[in-house]
Amino acid sequence: MEAFTRDQCQVLRQMDEVFDGFIPWLAGQYDATTGGFYYASSAIHDARFTPDIESTAQALNILVRNNLHQMLPEHIRLKMMHFFQQKQDPQTGYFFDENPNMKKDEVMVHRALNYALGALRKLKSKPLFPLPMQANAAPDYVRSPASYVQKWQSIDMSNSWRGCDLLATSCTYMSQMSETERAPFLAEAIRFLESIQDPETGLWGEGELYVRISGTFKLHTFYHRFQIPMPNKDRIYQSILHCLRTEEAKDMCYVRNPIDLLAYLQVDIPPDEWLEILERTYQNMQKLKRQDGGFSREIKNSPSAPNVAQVKEGERYPDMPEPVHLSLGVYEGDMNASTQATLIRQQCYRLSGLPVTPLIGADNFFKYLS
């Protein structure tokens, strides 16, 4: 057991070293004018791009993971707070970026709502206007449990990742209900999800193994948010192990999603298997580190429009939204992958039974802003 522990520590040290240059990169994405963060360096000096809701919330999550949010100078906290508050539409309660295509992407709209609310809480603030449910701006399917499930039944699951993302992000409206109002919606949702889970693998939907694991990861947000046990945890674990051993991780989400799922599942992992998972995770992360200090979503280039990056080249999914470009999509780090890299590191420490400490040099973040 001690040998395993020593080996785990060695891999974790190697993982920490992959973050060399990361903190200066993160500071470089901050925009002092708006209080937001850019998605990637190629967007900073191009007037077509602006700091966006997801990237700014993801950057704030990185600061939280490194205990830096408690050290935020007041003028920066207020700038970030204003950044999110001024994104809210006073009529509907939703939060929108400037790109008009963003409003047309159902998943982006739901993600922006969740991200903005979470960020405002972390900044000790709140929205300026009523949220969509209170503003009677939520879609018609939230009116009854039957119509909610009917909406879910209409979602194409040929790409598990995309389909489950549509399922999971729509739960944002349930979280705005009172506990009594929510109960019948949850009961219908649980019955529906159990009816479409693959009993052999524990996964949902179709696609390559990493795509199905990523879809299952999306659904775990539903179970986790409402404190509901996820069914068939042991089978999901075996599917993750098989995937890590047999498939190539071409996307940072494929590195993060299995680790985050394992942290949620809390299954007993034999020490030799955990060491194998840890080593594979470190190797996969390393491939996505870029010279600018950040991490890239994909191996070839950072995707310029992460909202459509779930459906890879050569794959198809019906009614995909228009791309929302956030950068030039060159060989560089991006905020989407970078926030996931910091979460992977954090979960790996936890799963190893070790305390999570800030990244080396994290406390220099504010020096790099000046």
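1. Not counting neighbours up to four places away in sequence, Q58 is in contact (heavy atoms within 4.5 Å) with R111, Y115, M335, N336 and T339. Q58 sits in helix α3, which covers residues 53-65, and helices here are DSSP runs of H or I with at least four residues, numbered from the N terminus. With a relative accessibility of 3%, Q58 counts as buried, where buried stands for under 20% relative accessible area, exposed for over 50% and partly exposed for values in between, with a 1.4 Å probe and protein chains only.

2. The model is a predicted one, in which local features need pLDDT of at least 70 and side-chain atom pairs count only at pLDDT 80 or more, while totals for chains, interfaces and linings use all residues. Residues are numbered from 1 along each chain as its sequence is written, and side-chain values use heavy atoms, with hydrogens and water left out.

3. T56 also belongs to helix α3, and its relative accessible area of 0% makes it buried. Apart from residues up to four places away in sequence, T56 touches G35, G36, F37, P51, M80, F83 and F84. By contrast with these touching residues, Q197, which is 141 residues from T56 in sequence, has its C-alpha 34 Å from that of T56.

4. D334 deserves a separate look. This residue is placed in the loop between α13 (271-287) and α14 (335-351), yet D334 is buried, with a relative accessible area of 0%. Its C-alpha is separated by 4.6 Å from that of A40, although 294 residues along the chain lie between the two positions as their separation. When neighbours within four places in sequence are left aside, the contacts of D334 are W25, Y39, A40, F295, S296, R297, S302 and P303.

5. Which backbone atom lies 2.9 Å from a polar atom of the D334 side chain? The backbone nitrogen of R297 does, and R297 is also one of the residues listed as contacts of D334.

6. How many disulfides does a search of the whole structure find? The search returns zero, a disulfide being a pair of cysteine sulfur atoms within 2.5 Å. C9 is in no disulfide, and the nearest cysteine sulfur, which belongs to C348, is 13 Å away. C9 is partly exposed, at 23% relative accessibility.

7. Why does C164 form no bond with the closest cysteine sulfur? That sulfur, in C171, is 11 Å from the sulfur of C164, which is too far for a bond. C164 itself is buried, because its relative accessibility is 0%.

8. Two backbone angles may merit a reviewer's attention. Most residues other than glycine have a negative phi. K124, which is not a glycine, has a positive phi of about 60 degrees, and its place is in the loop between α5 (106-122) and α6 (145-153). With a relative accessible area of 74%, K124 is exposed.

9. Q227 is likewise a residue other than glycine with a positive phi, near 55 degrees. It is found in the loop between α10 (209-225) and α11 (233-246), and because its relative accessible area is 66%, Q227 is exposed.

Technical notes:
Helix = DSSP H or I, 4+ residues; strand = E, 2+ residues; numbered from the N terminus. Polar contact = N/O pair within 3.5 Å; in protein donor to acceptor, adjacent residues only side chain to side chain.
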